[in-house]
Amino acid sequence: MFENLKAQPADKILALMQMYKNDPRPSKIDLGVGVYKNPQGLTPVMRAVKAAEQELWKTQDTKTYVGLAGDPGFSDALIDLVLGDAVDRDLVAAAATPGGTGACRQAFELVRMADKDARVFVSDPTWPNHLSILSYLGMQVVNYRYFDDETGGVDFDGMIEDLKSAKSGDVVLLHGCCHNPTGANLNLSEWQAVVDVLRDTGAVPMIDIAYQGFGDGLEEDAAGTRLVASSVPECLIAASCSKNFGIYRERTGLLMAISQDPDARKLNQDTLAFLNRQNFSFPPDHGARVVTMILQDEALRTDWKAELEDVRLTMLDLRQQLADELQKLSGSDRFGFLAQHRGMFSRLGAAPDKVEALRTEHGIYMVGDSRMNIAGLNGETVPILAKAILDVGI
Ligand code: LMR
């Protein structure tokens, strides 16, 4: 029977990871997959994570099942991190998921269960795996304008105009912060305008927040999400701990579903548990437990925040260095947007053939849409990249 299978398109980001691995050139530079790397090119285990794991190893005396929605302590800790006190905890249903991707998948499935004809509005561009999962689930996708190639910023007027065509029963997928793949983000008054459109149209927001703490700070990066969640009757939030806790392979995420009354919350909660059971049964626990320990312990939390802040500032510094170097070499300000972007990624705005030339001629790997992972750079490679960008004619 399996001869009936059709070959599936390779995931562009993961295929690039493999190409990079196979490239024998010692000077190669990896700006592909969204993984933080320190200036030595390593992705270390964060100090607080190591400490929590050691404690867990000493004290954990069972690995029996927890619950279909995961440990309620994890839900509480992450809801607090993402939402602060913006939303009454009693209105939030939540289930742990395998990473932020798992949370997105479960969110889309929840939407489809509620309304199989729901359309999902996605930014153009968005993380390719959003589109891939939506297509796999057979859900309708509507693009809304988001990125302005000319300025490297958000095409805000286009975005609002397109979102106005959403209706009650539609879902609008938003990136909570550090937009992937562009790095261009909404400011708070723009978030407010999005809230107004959501209210007018009755569309339900779904917020994917995978990079909290990588942009302007933990609180600042959650501000848009909090504003939306506290302003509309229903909201879905897919949160990831992969990046801000550096626990990529532990697959640690949380899906939150906010509603307006306890009955609706209970129905959401039961449905999230049901969906987990159908798809993988119990969610992974190790990463969630480590995150909970860190967030609940004053000393570990403080240390984690300090290390995360170092990571954030390192990336900001690299952005500025790259923008400055390009300014110096090109004599123009046309790359200034790189310093304005936030998070791990920036979209350079280069055509695919230029991206390919960077790879073949200079051993520089970025995603085909010219998304680069700023954390893949260091003080030595910034000038190399800047020169290569101009060499290939970007
Ligand atoms: C990325 O966008 O590079 C990351 O979110 C990793 C992934 O799974 O694609």
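This is a short dialogue about some backbone features of a predicted model.

Trainee: Where in this predicted model is a cis peptide bond found, and what is its omega?

Mentor: One joins D124 and P125, where omega is about 5°. To place this bond in the fold, look for P125 in the loop that runs between β3 (119-124) and α5 (128-136).

Trainee: Which residues does the peptide bond with omega near 25° link?

Mentor: That cis bond runs from N180 to P181, with omega near 25°, and P181 sits in the loop between β7 (171-175) and α7 (188-201).

Trainee: Now to phi: what is the value for C178, and where does this residue lie?

Mentor: The phi of C178 is near 50°, which is a positive value in a residue other than glycine. You will find C178 in the loop between β7 and α7, the loop that also holds P181.

Trainee: Is C178 buried or exposed?

Mentor: The way to read this is to count C-beta neighbours, since a residue is called buried if 20 or more other C-beta atoms lie within 10 Å of its own. C178 has 27 such neighbours inside 10 Å, and therefore it counts as buried.

Trainee: What can be said of phi at S281, and where is this residue?

Mentor: S281 is not a glycine, although its phi is positive, at about 70°, and it lies in the loop between α9 (262-279) and α10 (286-296).

Trainee: Why does S281 count as it does, buried or exposed?

Mentor: The cut-off for exposed is 12 or fewer C-beta neighbours; S281 has 9 inside 10 Å, so it counts as exposed.

How values were computed. Residues numbered from 1 in each chain as written. Predicted model: local features only at pLDDT ≥ 70, side-chain atom pairs only at ≥ 80, totals over all residues. Helix = DSSP H or I, 4+ residues; strand = E, 2+ residues; numbered from the N terminus.
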